[in-house]
Amino acid sequence: MAIARKRQVSLVDTKYYHCISRCVRRAFLCGEDSFTGQSYEHRRGWVEDKLLELAKVFCIDVCAYAVMSNHTHLVLYVGDNQANRLNDKAIIIRWHKLCKGTLLTQKYVRGEKLSKVELIFFNQTVKQYRERLSSISWFMRLLNEDIARRANKEDNCTGRFWEGRFKSQALLDEAALAACMAYVDLNPIRAKMANTPEESDHTSVQKRLTCVAAEGKQPKQLLRFAGMPRQIMPKGLPFEIKSYLELVELTGRIIREDKRGHIDNMNLPLLERLNISPENWLKLTTQFTRVFHGAVGRPTSQASYCENLKRKRRSNISNCEKLLA
């Protein structure tokens, strides 16, 4: 039985989540149909564009993404504190970029005065919109609905495009976050769709590399790398971008068929800082969704997460102890 979304998301424990959506029957509805020979590759661009467009409106940042031929991987950061800081007008303006809103919110934006009764309903609506703008469920809903409608219109058909609701995993600490991001960024290489990270179309690593090479800075559409983590994690990925990109490149070389799966005399600052062995790192970045089926993090992170969500059973505990230790 599927676990209710509210029992998977605990922003007290982590603001980072890995989300996966698969096409119905895992068909190549965003790739090339081997049976008909028809190509749907352009739909991968639809997903990427819509994803980055939503990130501008929602109080949710994109850390990593990979749009594949029959599924998508996203690593998201939920900025609930940002949503709480926005004033009512900013919330309404943002929501109107996504949906029409209500007659009261439209009236408010036009500058018309609201009566006392109208203000009561208006405040309830603003509260609801504020929660939605930091909701992973609403983010994924608007992303997947838009792509499904466009694809069905293009195919002149009706029915499901995605096989069901998206799956999500809580990333409880920096080790889980780094491993999952590398796993996502290396998806096209593992699938033999690309030879190098810079050739991996519709991925966050390609966007980061392109922007760094062309402009010498990080892309605005993605959550930036903030460098060394502090006791209280700042907004920004707690790694250095240079270390992360080198790590992705090196990991990609390890998993190639013509290379041996070990590292000789290589210095990996990020791995050393996270205290993960090279052997475990290889398994984490090639089999992340196979070995983990729920919240991911070291045992101490798992304990706090389960306590806050009042969950008795800890998922993945043996694999977390073994691979993240």
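This report walks through the predicted model from its overall make-up to its cores, its salt bridges and a few spots on the surface.

**The whole protein**

Let us start with the broad picture. The secondary structure comes to 15 helices and four strands. Of the 325 residues in the protein, 51% are buried. The protein exposes about 17200 Å², and carbon and sulfur atoms supply 49% of that area. Contacts across the sequence are part of the picture too: among contacts with a separation of 6 or more, 67% are between residues 24 or more positions apart.

**The nonpolar cores**

In soluble globular proteins, nonpolar side chains tend to be buried together. Here, the largest nonpolar core has 52 residues. Leu74, Leu76, Ile136, Phe139, Met140 and Phe161 are the residues with the most contacts inside this core. The elements that give two or more residues to the core include the strands β1 (16–22), β2 (60–67) and β3 (71–78). Helices α1 (42–57), α3 (88–96), α5, α6 (136–155) and α14 (299–308) are also on that list. Helix α6 gives the most, with nine residues.

Met140 is a good residue to look up in the structure. Leaving aside its neighbours within four places in sequence, Met140 is in contact with Cys19, Ser21, Leu74, Leu76 and Phe166. There is also a second, separate core of 40 residues, and Ala64, Ala175, Ala178 and Ile189 are among them.

**Salt bridges**

The structure holds ten salt bridges. Three of them are set out here, each with its N to O distance.

| Pair | Closest N and O atoms |
|---|---|
| Arg44 and Glu41 | 2.8 Å |
| Arg43 and Asp155 | 2.8 Å |
| Lys50 and Glu53 | 3.7 Å |

The pair of Arg43 and Asp155 links distant parts of the chain: Arg43 lies in helix α1 and Asp155 in helix α6, 112 residues apart. Arg43 is buried, with a relative accessible area of 0%, whereas Asp155 is partly exposed at 31%. Both residues belong to one network with Glu154, joined by salt bridges that share partners.

Glu53 and Lys50 are three residues apart in helix α1, so about one helical turn separates them. In this pair, Lys50 is buried, with a relative accessible area of 16%, and Glu53 is partly exposed at 43%. As for the remaining pair in the table, Arg44 counts as buried at 5% relative accessibility, while Glu41 counts as partly exposed at 30%.

**Helix α5 and the surface**

Now for a look at the outside. Val117, Ile120 and Phe121 form a nonpolar patch on the surface, and together they have about 310 Å² of accessible area. Phe121 sits in helix α5 (residues 116–132). Gln128 is in helix α5 as well; this residue is partly exposed, with a relative accessible area of 37%. Gln128 and Ile91 are 37 residues apart in sequence, and their C-alpha atoms are 10.0 Å apart in space.

**One face of helix α12**

Which residues of helix α12 are buried? In this helix, which covers residues 278–286, they are Asn280, Trp281, Leu284 and Thr285. Seen down the axis of α12, these buried residues fall within an arc of 125 degrees, so they line one face of the helix.

Terms used. Residues are numbered from 1 along each chain as its sequence is written. This is a predicted model: local features need pLDDT of at least 70, side-chain atom pairs count only at pLDDT 80 or more; totals for chains, interfaces and linings use all residues. Side-chain values use heavy atoms; hydrogens and water are left out. Buried means under 20% relative accessible area, exposed over 50%, partly exposed in between (1.4 Å probe, protein chains only). The arc is that of the directions from the helix axis to the C-beta atoms. Patches are made of residues with over 30% relative accessible area and no salt bridge: like charges are joined within 9 Å, nonpolar side chains (Val, Leu, Ile, Met, Phe, Trp, Tyr) within 5 Å. Accessible areas come from the Shrake-Rupley method with a 1.4 Å probe; for residues, only the protein chains shown count as cover. A salt bridge is a side-chain nitrogen of Lys or Arg within 4 Å of a carboxyl oxygen of Asp or Glu. Contact means heavy atoms within 4.5 Å. A nonpolar core is a set of buried Ala, Val, Leu, Ile, Met, Phe, Trp, Tyr and Cys residues joined through side-chain atoms within 4.5 Å.
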